[in-house]
Amino acid sequence: QVRLQETGGGSVQAGGSLRLSCVASGSITGDDCMGWFRQAPGKEREGVAAIRRLSNSPWYADFLRGRFTVSQDNAKNTLYLQMNRLRPEDSAMYYCARGSCDRMLEPREYSDWGQGTQVTVVE
């Protein structure tokens, strides 16, 4: 069992930036994938970005258009999501998750989830 704790959410104005962090504890192996997902009211949970712990290879959702960057510090068991040029439509609860690398942006492939951190972007 892996425990994940997200921090860094908050309210920002459109065009601003936030950096989310996720600290993991428990058994994490080299072939695990760590991902960021988000869910807004009335919408399905969607993948934002993910990264392989072993190779450090990232994957991004197409809608990001280069605005977000996922990174990790494995020595600290920490995952990051740098979010730039935020838009109101980015407002959602953001979740950190751990899972297999079969489908890196598919929520159903992830078994361990944090409790989420709220991101609100206002005009």
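## A guided tour from cysteine 33

Begin by selecting cysteine 33, which counts as buried because its relative accessibility is 0%; buried means under 20% relative accessible area, exposed over 50%, and partly exposed in between, with a 1.4 Å probe and protein chains only. The model on the screen is predicted: local features need pLDDT of at least 70, side-chain atom pairs count only at pLDDT 80 or more, and totals for chains, interfaces and linings use all residues. Residues are numbered from 1 along each chain as its sequence is written, and side-chain values use heavy atoms, with hydrogens and water left out.

**Stop 1: the surroundings of cysteine 33**

Cysteine 33 belongs to strand S4. Strands (E, at least two residues) and helices (H or I, at least four residues) are DSSP runs, numbered from the N terminus. Next, display the residues that cysteine 33 touches, leaving aside those up to four places away in sequence: Ile51, Arg52, Ala97, Arg98, Gly99, Ser100, Cys101, Met104 and Tyr110. Contact here means heavy atoms within 4.5 Å. Select serine 55 as well; its C-alpha lies 9.9 Å from that of cysteine 33, and the two residues are 22 apart in sequence.

**Stop 2: the disulfides**

How many disulfides does a search of the whole structure find? The search finds two, a disulfide being a pair of cysteine sulfur atoms within 2.5 Å. In general, such a link is a covalent bond between the sulfur atoms of two cysteines.

Select cysteine 33 together with cysteine 101, whose sulfur atoms are 2.0 Å apart in a disulfide. The torsion about this S-S bond is about 115 degrees, so the disulfide is right-handed. The pair links distant parts of the chain, 68 residues apart: cysteine 33 is in strand S4 (residues 33-39), and cysteine 101 is in the loop between S9 and strand S10 (110-113). Both cysteines of this pair, 33 and 101, are buried.

Now select cysteine 22 and cysteine 96, which are joined by a disulfide with an S to S distance of 2.1 Å. This link of cysteine 22 and cysteine 96 is left-handed, with -75 degrees about the S-S bond. Cysteine 22 lies in strand S3 and cysteine 96 in strand S9 (residues 92-99), so the pair ties together parts that are 74 residues apart in sequence. Cysteine 22 is buried, with a relative accessible area of 1%, and cysteine 96 counts as buried at 0% relative accessibility. With bonded cysteines counted along the chain, the disulfides follow the pattern 1-3, 2-4.

**Stop 3: the open sheet**

From cysteine 22, move to the sheet that contains S3. This open sheet has four strands in the order S1-S3-S8-S7, with antiparallel pairing; two strands pair if DSSP finds at least two bridges between them. Strand S1 (2-7) and strand S7 (68-73) stand at the edges, each with a single partner strand, so one side of each is left without a neighbour in the sheet. On average, neighbouring strands of this sheet are turned by 15 degrees against each other, direction ignored. The axes are lines fitted to C-alpha atoms, for helices over the stretch in contact, and angles run from 0 to 180 degrees between N-to-C directions.

Select S1 and S3 (residues 18-26), which run antiparallel and are joined by six bridges. Glutamate 6 has cysteine 22 of S3 as its bridge partner, and arginine 3 has serine 25. Which side chains of S1 point to the buried face? They are Val2, Leu4 and Glu6, whereas Arg3, Gln5 and Thr7 point to the other face and are not buried.

**Stop 4: strand S11 and its partners**

Select strand S11 (residues 117-122), where the side chains also alternate: Thr117, Val119 and Val121 are buried on one face, while Gln118, Thr120 and Val122 point to the other and are not buried. Add strand S2 (residues 10-13), which runs parallel to S11 and is joined to it by four bridges. Here valine 12 stands opposite valine 121. Then add S9, which pairs with S11 in the antiparallel sense over three bridges. Tyrosine 94 stands opposite threonine 117 of S11.

**Stop 5: the whole chain**

Finally, show the entire protein chain, which has 11 strands and zero helices. Its C-alpha atoms fill a box of roughly 40 × 25 × 25 Å along the principal axes. Buried residues make up 45% of the 123 residues. Among contacts between residues at least 6 apart in sequence, 56% join residues at least 24 apart.
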